[in-house]
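Biologist: I'm new to reading models like this one, so please pick a single helix and take me through its surroundings closely. After that, please show me some other places in the chain that are worth a look.

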Amino acid sequence: MKKVILKILTLTLSVLFTLSNSVSAKTPRYPNTYSKDFMADAPWRVQGKTAKIPVGFFIKDSDYNDLPDLNSVEIYLLKKDGTQEKIYYHSFGGIRLSQVYWEWVAENFENAENTTLNGKPITAENLGYDVGDVIELKAYIRGSDQWWQGGSFSISRRLRVFVENPFPKPDSDWLYGDAHYHTRYTTNVYEYGAGMATIRASLGSLGLDWVTTTDHASNYSWYDLNESRWGQLKNEIAEFNDPTSDLPFIIGEEIACEPVAGTDKDVIHLLTYNNDSFIPGTINSLNDALLSLESRLAETESDSNNVLAFAAHPSDTTDIFGVGDIRVWSDTNFQTAMKFQNFYGLEVWNTRKTMSSTPGGNLDHINPFTGANGGWITKESEGDSGNHFLPNLEAAISKWIILLENNLNPIRKVVINGGSDAHGDLNYFSNMGFNLERLDTNDNAIGKVRTLVYAPEHNKNSVLDALQNGNSIITDGPTLLIGVDVNNDEKLVRKEGDFIIGDIIPVQNPDVIPLMISWQLYNNIPIQTINIYMGDEKIYEFRPQSDAEHGYTEIQISLENKQLDSYLRAECITDTFVNYSGFSDRYRAYTNPVWLQLSDTMKGDIDGNRSVDMRDTISILKIVAGMNPEILIRKSNEVGTDGKIGIEEAVYTLKVISEMK
Ligand SMILES: [Zn+2]
Ligand SMILES: [Zn+2]
């Protein structure tokens, strides 16, 4: 999210880096992200005891003598009784690394103390753990350096993996993803993402079906994305994606734009998905954007692909002395963006930071889990917009509602998505603190904020369609859907004719909309409240009657006296629960809207498709026969005034059809 490049900071950091590692024989071509030059990472959760637990190792700038001779990578299981057991040891025999970037992914036991495990996949089950358990690992990179001839080098990371049941899904047509994520193609003094092989190996176990690679497009010297690195990233994505689905990676960018057109001061961020060409988001050395939002969006529109553009973290701000700050998206910014048809909405939920490690603890990135129960030390205040995610999320939702209200009659969809904005950070988030004296580590990580999309084709285009049309929800826990269960099978299934979120339902005054609301719990945390909104007004609030894992209800929404288009949307919040670190927490979900498009009554158009045809006749006859017509009945399109759909309507429709011939 926050990106700072400072000349001053660069110099300081080189010093820090030298001191911290004592092995800087040559000056790196650009400063390393302190602490992220050697990394080990693993997913923060896995779905089920048989899911693989990949552990990735990265070395950045390995050709610049940070670690000329690589000896081994190792993984130890830290057992509940305080002992540790070697589960992985791979020797590299002191090879000299010559590449700029080096990555290794451990997926199977190797040289494990328990020799019966060797060759088997690293899973909770093979480690003797089950769903509900927490696996503690310690991963090492060991080598020797040139500077200290014969000297050895060892760096470790503590990693913690929750073994959970799969994320809840309404059905297999829905796919989970993270709509804001940084890979190793984000690489600057302040931030550094993860390697593609480790991400690829982790996504399935984590429960994510897709991830957008929204790396910074600052085009700043060697840093981040530029033309040539865009080409490299595309090649890597092609290598790692499943060719039949073009998933899990969806290429995109996070583009720095001027908050005020023509003024090189501060930045706002624009997310793009699916652009074919690299779109520069050039910044200067003080992190001020040099290109206007309008010009950036014009480039997205002229791209050969269908590019989706969204406002990134529209309510976040930074306030750092002397550098270009991140700014809130202003009304003017939104007016500019809405001139472009491929600007679809807002990334309202950015990051899920609720806990962090000790302020001032310089080794927190080595082991941030030093609180009670081996958890985090500090709970962030929910009112703190600089730390906890909640204030910025709520501010962004308020902004969204204004945009929704301003885009009715005619309806122009404005939709939301959410992402972790993690930089690598498969297990926990770490980057350099703004004060340069320490690392910030917190509990944000890939997929902690998720966008659940309706993508029945299970491919990239299907995911993009859902993101564009708002057939999606954002959540860090439960699922929540609203819609119209047209065929009354107690499920919302669009391919069976039901209306789901993101759909526009043509309605007539004074119809009644039977709105179905369905939900599923995450980790059995009960839902405390579900709120239903019509426009900017809350019209219904309830607590599910039971704490069963899933449930649904239907409410009747009268459109009487409604003169204009509107929309329905839902939010939910869970009961408070105590997390692994001993802190209280809650989960939330937000749906995109179902839009209600008001049109004049049309006699005989019982299914509301704006034409009187045989489908109406058949539906009417089914109603007369007491059968389910499997349509949303528009009673207001009756022919007489008896308030019933019957033979009179059937005769009328046949007459209309025959006259049309
Ligand atoms: Zn950002
Ligand atoms: Zn970002």
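Modeller: Let's start with helix α3, whose buried residues pack against β1 (38-41), β2 (45-47), β3 (55-60), β6 (101-106), β10 (210-216) and α4 (227-240). This is a predicted model, in which local features need pLDDT of at least 70 and side-chain atom pairs count only at pLDDT 80 or more, while totals for chains, interfaces and linings use all residues. Residues are numbered from 1 along each chain as its sequence is written, and chains are lettered from A and ligands numbered from 1 in the order in which they are written.

A few words will come back often. Helices (H or I, at least four residues) and strands (E, at least two) are DSSP runs, numbered from the N terminus. A residue is buried if 20 or more other C-beta atoms lie within 10 Å of its own, exposed if 12 or fewer, and partly exposed in between, with C-beta atoms placed from the backbone. Two residues are in contact if those C-beta atoms lie within 7 Å.

Now back to our helix. α3 covers residues 196-206, and it is largely enclosed by the rest of the structure because 9 of its 11 residues are buried. You can pick them out one by one: M196, T198, I199, R200, A201, S202, L203, S205 and L206. Just after α3 comes G207, which has a positive phi near 100 degrees.

One of the partners of α3 is strand β1, so let's follow it next. F38 and A40 point one way from β1, M39 and D41 point the other way, and all are buried. β1 runs antiparallel to β3, and 4 bridges join them; two strands count as paired if DSSP finds at least two bridges between them. At one of these positions, F38 has I59 of β3 as its bridge partner.

Another partner, α4, leads us to a loop. Between α4 and β11 (249-257) lies P248, and the peptide bond joining L247 to P248 is cis, with omega about 10 degrees. The loop between α4 and β11 also holds D246. D246 is not a glycine, yet its phi is positive, about 60 degrees. D246 counts as buried because it has 20 C-beta neighbours inside 10 Å.

Similar features turn up elsewhere. N287, in the loop between β12 (268-273) and α5 (293-302), is not a glycine but has a positive phi of about 70 degrees. N287 is buried too, because 25 C-beta neighbours lie inside 10 Å. A cis peptide bond also runs from N409 to P410, with omega near 0 degrees, and P410 sits in the loop between α7 (390-405) and β17 (415-419).

Further along, look at an open sheet of 4 strands in the order β24-β23-β26-β29, paired antiparallel. Its edge strands, β24 (499-500) and β29 (550-558), each pair on one side only. Inside the sheet, β23 (residues 479-484) and β26 pair antiparallel over 5 bridges, and L480 stands opposite W519 in β26. The loop from β26 (512-520) to β27 (527-534) contains N523. N523 counts as partly exposed because 16 other C-beta atoms lie within 10 Å.

Our last stop is a pair of helices. Two packed helices are described by the angle between their axes and the distance between the axes. Axes are lines fitted to C-alpha atoms, for helices over the stretch in contact, and angles run from 0 to 180 degrees between N-to-C directions. Helix α9 (residues 614-624) packs on helix α10 (residues 647-660) at about 165 degrees, with axes 9 Å apart. That makes α9 roughly antiparallel to α10, a label for angles over 145 degrees (under 35 is roughly parallel, 65 to 115 roughly perpendicular, the rest oblique). Their crossing is left-handed, meaning the near helix is turned anticlockwise from the far one by less than a right angle (clockwise would be right-handed). On the α9 side, M614, D616, T617, I620, L621 and V624 meet I647, E649, A650, T653, L654 and I657 of α10. These contact residues divide into 8 nonpolar, 2 polar and 2 charged. Here Ala, Val, Leu, Ile, Met, Phe, Trp, Tyr, Cys and Pro count as nonpolar, Asp, Glu, Lys and Arg as charged, and the others, Gly among them, as polar.

Stepping back, the chain has 10 helices and 34 strands, and 50% of its 661 residues are buried.
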